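This report describes one protein chain, going from single residues to the sheet, the cores and the chain as a whole.

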Amino acid sequence: MTTSKTSSTPSFGDPYEILGLDQSASESVINKAFRKLSLQLHPDKQQGKTESEKKRTSTQFHNLKEAKTFLLTPSLRQPYDLERTSRLRRKKQDHARDEQMTAHRRKMKQDLAEKEAFLMKKTVDENKLHKRNRKGEKSKIDLINKLRSEGKRRREEHAEKTAEGHLKRAMKLQKKEKEEIQSRQVRLKWSRKRISISPSEHSIADMLSRRFGEVSNVVMIGSKGNSAIVTFRAVSSCQPCVDFYATSDEMRATLVVDREEDSTLNDCVDSSTNNFSSYDNENLADQRKRQAAEREHIIREMMETERQSKSESFILPSQKESENVYPLNFPNSDNFVSLSTPLEKLQQFEKTFLNGMISEKVLMKMQV
């Protein structure tokens, strides 16, 4: 029957059994037994043995020193002796009781001890299995949460890339449509001083359709009411219109080409595309803020350019020259060619223009 260790038993074992002594051994006997056994177990005496044997002998030598120290310390030895005496007495009584038992009762006791040991081992195994299952379940839950987070992150990245691709395609399509419309547009500007009745959208469309081709749309622009954007059905109608009014003093036509807006839009898109590599390490929230700011910047640039194009004023070159050139240009008729000085030409012009309105006598007094 194995002796069970109580709470007062040292961790290294029974010191009397280690030293091979009785419980009544004196200090001198303890020191003598220690010296004898230390000569056998000392590490310096273990040469030629295997590593496992050296390790086992080293443990025995350590326990030998602990046992000597324990028995030579009265505060430790006295309570241990009392406990050991009681334990040995109980062991002796149990042995005597076992001797008096019948074979059947000894068999029952042995079976009971085996069942207790089996149940104890089963409980320990179940606890270990339960602990391992809980650990495995926690690991499984952590893995599921990790996979969910990874899936959410990938879905958000895919949605962001998809939205960015849609935005690029929409901007590209918008730019293409705008270029196609602008290729069929001309900007008209006329002088209200030289045209007594300002043309309307209908009259402009009718006039240009008869001369250059069908007009699909006319939009009046500007705050002065003397300019319009004309959209033809065919691109081939634009350049003849511009050439026709190139030398006109009443109206001018120019092709609508918004190069500044296109270059600004392209620069913004290119810079956004080229800078993707520098944003690889930013998180998703920062990436969304940056892209929203870039889209807002592009929209503001387009709105500002469109506002400036609508509010800009256009002055005919012939009008600028007429405001700064002197003398005035008179008709090339025989009545004016024969006159030498500008003053004479002016008097002749007034006479011709005011003929029938006032008498010649009154006119001569006014000119003098």
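In this predicted model, C238 is buried, with a relative accessible area of 2%. C241 is likewise buried, at 0% relative accessibility. Neither cysteine is bonded to the other: the structure holds zero disulfides. For C238, the nearest cysteine sulfur is that of C241, 7.6 Å away, and for C241 the nearest is in turn that of C238, at 7.6 Å. A disulfide would need the two sulfur atoms within 2.5 Å, so this pair does not count as one.

P79 offers another case. This proline is found in helix α4, which spans residues 74-100. P79 counts as partly exposed because its relative accessibility is 43%, and that class lies between the limits of 20% and 50%. The C-alpha atom of P79 is separated by 9.9 Å from that of T9, a residue 70 places away along the chain.

**The sheet**

Four strands form an open sheet in the order β2-β3-β1-β4, with antiparallel pairing. Because β2 and β4 each have a single partner strand, they stand at the edges, and one side of each is left without a neighbour in the sheet. From one strand to the next, the twist averages 25°. Helix α6 packs on the sheet and touches β1, β2, β3 and β4; the direction of α6 makes about 140° with that of β2.

Two of the strand pairs can be set side by side.

| Strand pair | Sense | Bridges | Residues standing opposite |
|---|---|---|---|
| β1 and β4 | antiparallel | five | R187 and T254 |
| β2 and β3 | antiparallel | six | I221 and S227 |

The hairpin of β2 and β3 has five residues between the strands, and in it G222 takes a positive phi near 85°.

**The nonpolar cores**

In soluble globular proteins, nonpolar side chains tend to be buried together. Here, the largest nonpolar core has 20 residues. The members that touch the most other members are L188, I204, L208, V230, F232, C241 and Y245. Two or more residues each come from β1 (185-190), α6 (201-212), β2 (215-221), β3 (227-232), α7 (238-244) and β4 (251-255). Of these, α6 gives the most, with five residues.

V230 shows how one member of this core is surrounded. Leaving aside neighbours within four places in sequence, V230 is in contact with R184, Q185, V186 and L188, with I204 and L208, and with V215, N217 and V218. Apart from the largest core lies another, of 15 residues, among them L19, L21, L41 and L71.

**The chain as a whole**

The chain contains 13 helices and four strands. It has 368 residues, of which 24% count as buried. Among contacts between residues at least 6 apart in sequence, 62% join residues at least 24 apart. The chain exposes about 27600 Å², and carbon and sulfur atoms supply 54% of that area.

Taken together, the four strands of the open sheet also appear among the elements that give two or more residues to the largest core. C241 links two parts of this account: it is one of the core members that touch the most others, and it is in no disulfide.

Key. Residues numbered from 1 in each chain as written. Predicted model: local features only at pLDDT ≥ 70, side-chain atom pairs only at ≥ 80, totals over all residues. Heavy atoms only, no water. Core = buried A, V, L, I, M, F, W, Y, C linked by side-chain atoms within 4.5 Å. Buried < 20%, exposed > 50% of the residue type's maximum accessible area, 1.4 Å probe, protein only. Contact = heavy atoms within 4.5 Å. Pairing = 2+ DSSP bridges. Axes fitted to C-alpha atoms, helices over the stretch in contact; angles between N-to-C directions. Areas by Shrake-Rupley, 256 points an atom, 1.4 Å probe, with all protein chains shown as cover.
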